[in-house]
Amino acid sequence: MSKKKKLDTKTLDLILEKMIDTVDISKNEIFRIGEQCRKDHMSLSDELKEMKEQVAKTISEGDRLDVQTRFARKRLSEVSMHFKDFTEAEVRDAYEKAHQLQMNYSMNQQLEKQLRDRRDDIERRLVGLQETIERAEHLISQITVVMNYLTSDLQQVGEMLEDAKMKQDFGLKIIAAQEEERKRVSREIHDGPAQMMANVMMRSDLIERVYRERGSNEAFKEIRDLKKMVRNALYEVRRIIYDLRPMALDDLGLVPTLKKYLQTTEEYHKKTKIVFANIKEEKRLPANYEVALFRLIQESVQNAIKHARPSEIQVKLEIDRTKASAVIKDDGTGFDTSLKKTNSFGLIGMRERVELLEGELSIDSRIGKGTVVLIQVPIICDSNN
């Protein structure tokens, strides 16, 4: 039996190594995306500098043409008033000069407008690229946290699981869930932002040709369509990033993020009402506590919706100086807690997460009477915080 346990431990270690390699590859991909955005940002910054110089030069030229045009019109007016005092050649020359200068001035004004529009478009694109760079950096930092978790805390799972078969099943379940999530994210990016950005690239190449062949109105129409496509792509990217990890958790904290998540879940699962109550005033916790509590409550709510078919779920959160407590209660079908479920990997993961925080997880349920999940975690802050 001990030989069997050794073999299963090695197998779990191999699975963890594959998980770490996969996460590291994903981190490198995001890093490459960020670097490409930086290159594009630098290129556009140079183009913006050049465009500003051209705008300034065009404005200066326009001022010069404006003065010359006014002088030419004044000269033409004098020739017209004293027509008999000038030769036919002088009259023609005055008219042609005034006309040519007026044409040059009009073309200069049109060029200035085009340059200004291009400058404004580049500035908007730079803002979007900067936001993408910041998002990529944030994702990399989050993946680094995951890497640290995989290379340290998660490796203790093998020692904590008593049954060798459960170790193997749990590890494989983690791999399967991770691969399924990667497929989902990959599919969403491919069908959404990636496809949109490919269309943006093609449409951007066409704008100059459209301007030359069909004029500025059609070109501006193409630019407006292009802006809509970029805006839609940005929306899809933000949505996918939110699914991976709600940014509000870092920016706003646990309570506002939970409110938003539970509200969205209730809107999606229309048959289940979700009531949230924060017993005490909102209080920020260290990041690892906020993430853990959010995931624990999220898993509890999802388990209730998936398995218990409740009409109502109540979520109560209480955070004081020494501990955080969460109660998730539903009026669903319930289950017999004395029966050991072979595929209760969600509960195993929840218990592991609570134990890592030195907390307690208790589940009280009876068939037909619903389920109550109680989570209690002591708040232990670093001396530096």
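Buried means a relative accessible area under 20%, exposed means over 50%, and partly exposed covers the values in between. The model shown in these figures is predicted.

**Figure 1. Arg92 and Glu88 form a salt bridge within helix H2.**
The side chains of Arg92 and Glu88 meet at a distance of 3.0 Å, from N to O. Side chains of opposite charge can pair when their charged atoms come close. Both residues belong to helix H2, which covers residues 88–151. Arg92 and Glu88 are four residues apart, which means that about one helical turn separates them. An α-helix has 3.6 residues a turn, so residues three or four places apart point the same way. Arg92 has a relative accessible area of 41%, a value between the limits of 20% and 50%, so this residue is partly exposed. Glu88 reaches 61%, which is over 50%, and therefore counts as exposed.

**Figure 2. Lys259 and Glu282 join distant parts of the chain.**
The side chains of these two residues, Lys259 and Glu282, form a salt bridge of 3.6 Å, from N to O. Lys259 sits in helix H7, whereas Glu282 sits in the loop between strand E1 (273–278) and H8; the two are 23 residues apart. Lys259 is partly exposed, at a relative accessible area of 41%. Glu282, at 44%, is also partly exposed.

**Figure 3. Asp320 and Lys323 pair through their side chains.**
What is the N to O distance in this salt bridge? For Asp320 and Lys323 the value is 3.4 Å. Asp320 is buried, because its relative accessible area of 17% is under 20%. Lys323, with 32%, is partly exposed. Elsewhere, Glu35, Arg38 and Glu137 are joined into one network by salt bridges that share partners. The structure holds 17 salt bridges.

**Figure 4. Tyr261 and Phe294 form an aromatic pair.**
The structure holds one aromatic pair. A pair of aromatic rings is described by the distance of the centres and the angle of the planes. The ring centres of Tyr261 and Phe294 are 5.5 Å apart, and the planes make an angle of 70°. Planes over 60 degrees apart count as edge-to-face, so the pair of Tyr261 and Phe294 is edge-to-face. Tyr261 belongs to helix H7 (residues 254–268) and Phe294 to helix H8 (residues 287–308). The pair therefore ties together parts that are 33 residues apart in sequence. Are the two partners, Tyr261 and Phe294, buried or exposed? Tyr261 is buried, with a relative accessible area of 11%, and Phe294 is buried too, with 0%.

**Figure 5. Helix H8 is followed by a residue with positive phi, Arg309.**
H8 has 22 residues, and at 1.5 Å a residue its expected span is 32 Å. The end C-alpha atoms of H8 are 31 Å apart, which agrees with that expectation. Just after H8, Arg309 takes a positive phi of about 50°. Most residues other than glycine have a negative phi. Arg309 is found in the loop between H8 and strand E2 (312–319). Its relative accessible area is 65%, so Arg309 is exposed.

**Figure 6. Glu358 has a positive phi in the loop between helix H9 and strand E4.**
The phi of Glu358 is about 60°, although this residue is not a glycine. The loop that holds Glu358 lies between helix H9 (345–356) and strand E4 (360–366). Glu358 counts as exposed, at 59% relative accessibility.

**Figure 7. Five strands form an open sheet.**
In what order do the five strands lie? The order is E1-E2-E3-E5-E4, and the pairing is mixed. E1 and E4 are the edge strands, as each pairs on one side only. On average, neighbouring strands of this sheet are turned by 10° against each other, direction ignored. Strand E3 (residues 323–330) and strand E5 (residues 370–378) run antiparallel and are joined by eight bridges. Val327 stands opposite Leu374 in E5. Helix H7 packs on the sheet and touches E1 and E2. The direction of H7 makes about 170° with that of E1.

Note on methods. Residues are numbered from 1 along each chain as its sequence is written. This is a predicted model: local features need pLDDT of at least 70, side-chain atom pairs count only at pLDDT 80 or more; totals for chains, interfaces and linings use all residues. Side-chain values use heavy atoms; hydrogens and water are left out. Rings of Phe, Tyr and Trp (its six-membered ring) pair if their centres lie within 6.5 Å; planes under 30 degrees apart count as stacked, over 60 as edge-to-face and the rest as tilted. Buried means under 20% relative accessible area, exposed over 50%, partly exposed in between (1.4 Å probe, protein chains only). A salt bridge is a side-chain nitrogen of Lys or Arg within 4 Å of a carboxyl oxygen of Asp or Glu. The expected span of a helix is 1.5 Å times one less than its number of residues. Two strands pair if DSSP finds at least two bridges between them. Axes are lines fitted to C-alpha atoms, for helices over the stretch in contact, and angles run from 0 to 180 degrees between N-to-C directions. Contact means heavy atoms within 4.5 Å.
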